[in-house]
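Colleague: Could we go through this model together? I should like to begin with how the helices pack.

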Amino acid sequence: MNNKIRAVLLAALFFISSPAIPSPYSFEQDKLMHFSISFGIGASFGAIYSPQKACAISLIPGLAKEIYDKLDYGLFSFEDIVADGSGGCIGAYVSNRFSKQYKRYNEINKASEEAGS
């Protein structure tokens with residue numbers, strides 16, 4: 001992951017968890033829920049697809065929820081979208097890294113078993 005993407009993700013995480021933003025507990029809990037659900041979705045698809053595709057897929061449920069909130073309650077939260085994007089992209093990247101390492105580990109074990117036989 002290049003430095004620009006890391007900087008954006010770190011800034012988004014700082015924005016979500018910043019104590020400088022006065023907010024009730026429900027605000028923080030809502031952002032944490034958006035982050036964690038998107039993290040799970042991003043991690044699930046990150047093992048299958050590239051991190052970029054998995055990140056995009058993980059944004060769909062959060063964006064759909066915000067559109068629903070806008071239509072029903074007249075509220076659209078860009079902070080929720082930032083939390084969704086951060087969680088999904090981090091989950092996708094972590095999952096993709098672990099799946100690549102797992103595949104490499106299996107290749108090494110298979111090669112060592114063939115050499116030992």
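Modeller: A term first: a crossing is left-handed if the near helix is turned anticlockwise from the far one by less than a right angle, and right-handed if clockwise. Helices here are DSSP runs (H or I, at least four residues; strands are E, at least two), numbered from the N terminus. This is a predicted model, in which local features need pLDDT of at least 70, side-chain atom pairs count only at pLDDT 80 or more, and totals for chains, interfaces and linings use all residues. Residues are numbered from 1 along each chain as its sequence is written, and side-chain values use heavy atoms, with hydrogens and water left out.

Colleague: What is the handedness of the crossing of helix 3 and helix 4?

Modeller: The crossing of helix 3 and helix 4 is right-handed. Their axes, which are lines fitted to C-alpha atoms over the stretch in contact, come within 8 Å and cross at roughly 150°. Angles run from 0 to 180 degrees between N-to-C directions.

Colleague: How are helix 3 and helix 4 oriented to each other?

Modeller: They are roughly antiparallel, a label for angles over 145 degrees (under 35 is roughly parallel, 65 to 115 roughly perpendicular and the rest oblique).

Colleague: Which residues meet there?

Modeller: Taking contact as heavy atoms within 4.5 Å, the helix 3 side includes Ser58, Leu59, Gly62 and Leu63. Among the residues they face in helix 4 are Gly85, Gly88, Cys89 and Ala92.

Colleague: Which element has the highest mean pLDDT, and which the lowest?

Modeller: On pLDDT, the predictor's confidence in each residue from 0 to 100, helix 3 (residues 51-73) has the highest mean, 89, and helix 1 (residues 3-17) the lowest, 57. The protein averages 78, with 76% of the residues at 70 or above. Where pLDDT is low, the predicted coordinates should not be read in detail.

Colleague: Turning to the rings, how many aromatic pairs are there?

Modeller: Rings of Phe, Tyr and Trp (its six-membered ring) pair if their centres lie within 6.5 Å; planes under 30 degrees apart are stacked, over 60 edge-to-face and the rest tilted. The count comes to four aromatic pairs. Tyr68 and Tyr73 are edge-to-face, because their centres are 6.5 Å apart and their planes at 90°. Phe76 and Phe78 are also edge-to-face, with centres 5.0 Å apart and planes at 65°.

Colleague: Is Phe78 buried or exposed?

Modeller: Phe78 is exposed, at 59% relative accessibility, whereas Phe76 is partly exposed at 31%. Buried means under 20% relative accessible area, exposed over 50% and partly exposed in between (1.4 Å probe, protein chains only).
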